[in-house]
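Here is a friendly walk through one chain, with a few stops at particular residues and helix pairs. Please keep the viewer open while you read.

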Amino acid sequence: MPSSVMPTSSTGHGDPSPVAVSTVGLRKSYGDKTVLDGIDLRIPAGSVFALLGPNGAGKTTVVKILSTLITADAGDLHVGGHDVAVDPQAVRAAIGVTGQFSAVDGLITGEENMLLMADLHHLSKSEGRRVAAELLARFDLVEAAKKPASTYSGGMKRRLDIAMTLVGNPRIIFLDEPTTGLDPRSRHNMWGIIRELVTGGVTVFLTTQYLEEADELADRIAVLNDGRIAAEGSADELKRIVPGGHVRLRFTDPTAYQSAAAALREATGDDEALALQIPSGGSQRELRSILDWLDAAGIEADELTVHTPDLDDVFFALTGGTDPQPGRSSLPSQPKEAVR
C-alpha cells in the first residue's frame, strides 16, 4: 500500500464550499523533535473534519496552532478567512475551543460559569443573562444551573464546556477529544450536539481517538502519523484503500463444505470450522454472484457473513499497527462482521 493516499478535497456538490480552515506546509518542532512536518488541510465551511492519530501524533498541537495558543515554525495558515500569523485576534474572534480537559470552574455554578464567559466576551449584563439562559436550556442544564459545577457528571460538564464555548457565537469550533472519558450514552448525546451545531452552519474541527466517532460524524477524515498526513478522505474513501474485504461461508454439513471448497479455488478454507473465506469488496453484485453460484451448485451454506474494512483497519494499516489507546478497543460497539 502507498504510504500516503490523498483523495481530492472536493465536497462532491459541484463548486467547492467556502474554506473555513486551511493549512499549507504547517511545521512545528520542539528541539530536535519534529512534531508536524508539512501538514496541508482544506476544511469546507459547515462541515465536520476529524483528525485521527495515535497518542503523541500532534493532533493537539495542530489545534493549539490554529487557535493561536502557540505559533507554527512555518506554514500558510488561515482560519475563518484570517491569516493566523498576521491577524490572530480576528481568528480568536471567529472560533471557539473546547480542549481535552474541561475549562469549567467547579467552585461556581453552571450559570456563573456561563456569565463569566459572557463577561469575557464583553456582553452587557442583560445580553449575557439572555445568552446564558438560552444556552443552558439548549444543553439541558437548566435544572443544574444553580448547582456547583463540581457536582456535575462528566457528560454534564462536557455539555457546559461546549455551551461556554458557544457564548461568543463562533462559526468555527475546535473540539479536542471532546468525548474522552464519557460513558456511551453521554458520548451519543454529544454526537447529537455536534450534528446540531453543523446543521446551524458551524464548522467543527474534531480530534478524536474513537474511530467510531469519526465514522459517525465526519464529512472528511485525516490520519496523522509521524508528523504527516498519512491519508485523507471521507470514511468510505479511506476504507477502500485497505484490502481484506471478504465473504465468509460457514457449513454444518462436511460434504457441502468439501464440495464448495473444491469448486471455489480462490477461497481460503478452515477445515475445523467448516468455513470458507472468499475475497470480496462486499458489493451487491458480488454477493448475488456467490448466492447464484451456491444455488446453481445445489449447495446451501448455513451462514453468510460479510466483512468490509472499517476505520479500525485503516488506522492500524496507516499507523503501523499502533493501537490509538492501548487496552481499549477503538470501536467498542461496532461489530466488524454483519451477518446476512
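In helix α1, the residues K59, T61, V62, V63, I65 and L66 are buried, where buried means under 20% relative accessible area, exposed over 50% and partly exposed in between, with a 1.4 Å probe and protein chains only. Six of the eight residues of α1 are buried, so the helix is mostly covered. Helices (H or I, at least four residues) and strands (E, at least two) are DSSP runs, numbered from the N terminus. Just after α1 comes T68, with a positive phi near 70°.

A word on the model itself: it is predicted, local features need pLDDT of at least 70, side-chain atom pairs count only at pLDDT 80 or more, and totals for chains, interfaces and linings use all residues. Residues are numbered from 1 along each chain as its sequence is written, and side-chain values use heavy atoms, with hydrogens and water left out.

**The chain as a whole**

The chain has eleven helices and 15 strands. It holds 340 residues, and 45% of them count as buried. Residues 24 or more positions apart account for 70% of the contacts with a separation of 6 or more; a contact means heavy atoms within 4.5 Å. The chain exposes about 16600 Å², and carbon and sulfur atoms supply 50% of that area. Accessible areas come from the Shrake-Rupley method with a 1.4 Å probe, and for residues only the protein chains shown count as cover.

**Around K59 and T207**

Is K59 buried or exposed? K59 is buried, with a relative accessible area of 5%, and its place is in α1, which covers residues 59-66. Beyond its neighbours within four places in sequence, K59 is in contact with L51, L52, G53, P54, E177, T207, T208, Q209 and L224. From K59 to L224 there are 165 residues along the chain, while their C-alpha atoms are separated by 7.4 Å.

T207 belongs to strand β8 (residues 203-207) and counts as buried at 0% relative accessibility. Setting aside neighbours within four places in sequence, the residues in contact with T207 are L51, K59, V63, L175, D176, E177 and P178.

E177 appears in the contact lists of both K59 and T207. E177 sits in the loop between β7 (172-176) and α6, is buried with a relative accessible area of 7%, and has a positive phi near 50° although it is a residue other than glycine. L274 also has a positive phi, about 55°, without being a glycine. The place of L274 is in the loop between β12 (268-270) and β13 (275-279), and at 17% relative accessibility L274 counts as buried.

**T319 and the polar pairs**

T319 lies in the loop between α11 (311-318) and β15 (337-339) and is buried at 6% relative accessibility. Leaving out neighbours within four places in sequence, T319 is in contact with P54, V223 and N225. T319 and A57 are 262 residues apart in sequence, with a C-alpha to C-alpha distance of 9.9 Å.

The table gathers polar contacts, meaning pairs of N or O atoms within 3.5 Å; within protein, one must be able to donate a hydrogen and the other to accept it, and residues adjacent in sequence count only if both atoms are side-chain atoms.

| Side chain | Partner | Distance |
|---|---|---|
| K59 | G53 backbone oxygen | 2.9 Å |
| K59 | P54 backbone oxygen | 3.2 Å |
| T207 | D176 side chain | 2.4 Å |
| T319 | F315 backbone oxygen | 2.6 Å |

**Helix α5 and its partners**

Two packed helices are described by the angle between their axes and the distance between the axes. Axes are lines fitted to C-alpha atoms, for helices over the stretch in contact, and angles run from 0 to 180 degrees between N-to-C directions.

The axes of α5 (residues 154-165) and α6 (residues 184-199) come within 10 Å and cross at roughly 15°. That makes α5 roughly parallel to α6, as angles under 35 degrees count as roughly parallel. In this contact, G155, R158, R159 and I162 of α5 meet S186, M190, I193 and L197 of α6.

How do α3 and α5 lie, roughly parallel or roughly antiparallel? The axes of α3 (residues 110-120) and α5 come within 9 Å and cross at roughly 25°, and α3 and α5 are therefore roughly parallel to each other. G110, N113, M114 and M117 in α3 meet L160, A163 and M164 in α5.

Conventions. Parallel < 35°, antiparallel > 145°, perpendicular 65-115°, else oblique.
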